[in-house]
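Here are my notes on this one, as numbered points. Have the model open while you read.

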Amino acid sequence: MSGQQQNITSSATEMAPVRWGAYVALLFAMVFFSGLLGGKEWYGVFDFTTLNGSFGRVVSGVTQSNEALNVSNSTFRGTGGNGAMDGFLFAFGLIPAVMFALGMINVLEHYGALNAARKLLTPLLRPLLGLRGNTGLALIGSLQSTDVGASLTRKLADEAQITENEKDVFTMFQFSAGAMITNFFSSGAILFTLVAADGTLAVPASIGLCILVMFFMKIVGANIFRLLLKMRRQDNASSEIHKA
């Protein structure tokens, strides 16, 4: 498809009316990929990570302590792997999440979720990050899973729904504090339970404040990279003028 045909297709999509069902699909997508409904309760069936599940664990070692046997478990990758072989197994483990995410996005796209996101989120994402609203679902997904964010961004780039510069800026946003919500609550939340010797909290901040700081700095980092790209384009343009 030529660049002119892509522009015509993109313009036609942006001008198409968005029905109420598309907003419902967008709302479902935002909740589904946000991780808000994660857990073992019944509403976990509406959460991406919960439905994606995890691989079973296998016995990786047995040790004896006095008269007791201690059994250690690991994933199918095992322990102590390295090099291309371990990298292959790591990549193999990403396939279910990527396939599931792309499948859900295709279903939601059919019901107009991306069109609704483009219309609602463009006025917000343009001034903040210089991105189009159709990156909204990938942005939300990247807060919970790096695999989801990467796969959806690749899909947008392959379908020419974002430019090369937008892809670079968006990648920078995702790269900083990747999978922020999942990693923070699984690894960093324990810091807020630590108590100093005098009985005060070791971390004098709330979880909400820390999340806001991380999200704010993700935006700052993306805009710094956005500025560098702009300066680079100007330098290239100046070089072309001097050569001419």
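1. A definition before the helix pairs: axes are lines fitted to C-alpha atoms, for helices over the stretch in contact, and angles run from 0 to 180 degrees between N-to-C directions. With that in hand, look at α7 and helix α8 (residues 164–175), whose axes cross at roughly 175° and come within 11 Å. Angles over 145 degrees count as roughly antiparallel, and α7 and α8 are therefore roughly antiparallel to each other. Keep in mind throughout that this is a predicted model.

2. Which residues make that contact? From α7 come Gly149, Ala150, Thr153 and Ala157, and they meet Lys167, Phe170 and Gln174 in α8. Sorted by class, the contact of α7 with α8 has three nonpolar residues, three polar and one charged.

3. Now turn to the other side of the story for α7, its pairing with α6. The axes of α6 and α7 cross at roughly 155° and come within 6 Å, which makes α6 roughly antiparallel to α7. On the α6 side the contact uses Leu137, Ala138, Gly141, Ser142 and Gln144; on the α7 side it uses Thr146, Val148, Gly149, Leu152, Thr153 and Leu156. There is no charged residue in the contact of α6 with α7, which divides into five nonpolar and six polar. Gly149 and Thr153 turn up here and also in the contact with α8.

4. How many cavities of 30 Å³ or more does the structure hold? The count is one, and about 70 Å³ of space lies in the largest cavity. Its lining consists of Ile105, Leu114, Asn134, Leu137, Ala138, Leu152, Lys155, Leu156, Glu159 and Gln161. Two elements, α6 (136–144) and α7 (146–158), give two or more residues each to that lining, and α7 has the largest share with three residues. By class, the lining of the largest cavity has six nonpolar, two polar and two charged residues. Leu137, Ala138, Leu152 and Leu156 are in this lining and also in the contact of α6 with α7.

5. The largest pocket is worth a look too. About 670 Å³ of space lies in it, and 23 residues line it, with Asn52, Gly53, Gly93, Leu94 and Asp147 the closest to its centre. The elements giving two or more residues to the lining are α3 (48–52), α4 (83–110), α7 and α9 (180–188). Which of them gives the largest share? That is α4, with six residues. The lining of the largest pocket splits into nine nonpolar, eleven polar and three charged residues.

6. A different kind of packing: helix α5 (residues 113–129) and helix α10 (residues 207–243) pack at an angle of about 65°, with their axes 9 Å apart. That makes α5 roughly perpendicular to α10. Arg126, Pro127, Leu128 and Leu129 in α5 meet Ile219, Ala222, Asn223 and Arg226 in α10. The class count for the contact of α5 with α10 is five nonpolar, one polar and two charged residues.

7. Last, the strands. Strand β1 (residues 58–65) and strand β2 (residues 68–74) run antiparallel and are joined by seven bridges. To find the register, start from glycine 61, whose bridge partner in β2 is serine 72. The hairpin has two residues between the strands, and asparagine 66 takes a positive phi near 60° there.

Note on methods:
Residues are numbered from 1 along each chain as its sequence is written. This is a predicted model: local features need pLDDT of at least 70, side-chain atom pairs count only at pLDDT 80 or more; totals for chains, interfaces and linings use all residues. Side-chain values use heavy atoms; hydrogens and water are left out. Helices (H or I, at least four residues) and strands (E, at least two) are DSSP runs, numbered from the N terminus. Angles under 35 degrees count as roughly parallel, over 145 as roughly antiparallel, 65 to 115 as roughly perpendicular and the rest as oblique. Contact means heavy atoms within 4.5 Å. Ala, Val, Leu, Ile, Met, Phe, Trp, Tyr, Cys and Pro count as nonpolar, Asp, Glu, Lys and Arg as charged, and the others, Gly among them, as polar. On a 1 Å grid over the protein atoms alone, a cavity is a set of points where a 1.4 Å probe fits but cannot get out, and a pocket is an open set with protein on both sides within 12 Å along at least five of seven lines; lining residues have an atom within 4 Å of a point. Grid points are joined across faces, edges and corners, and a volume is the space filled by probe spheres set on the points. Two strands pair if DSSP finds at least two bridges between them.
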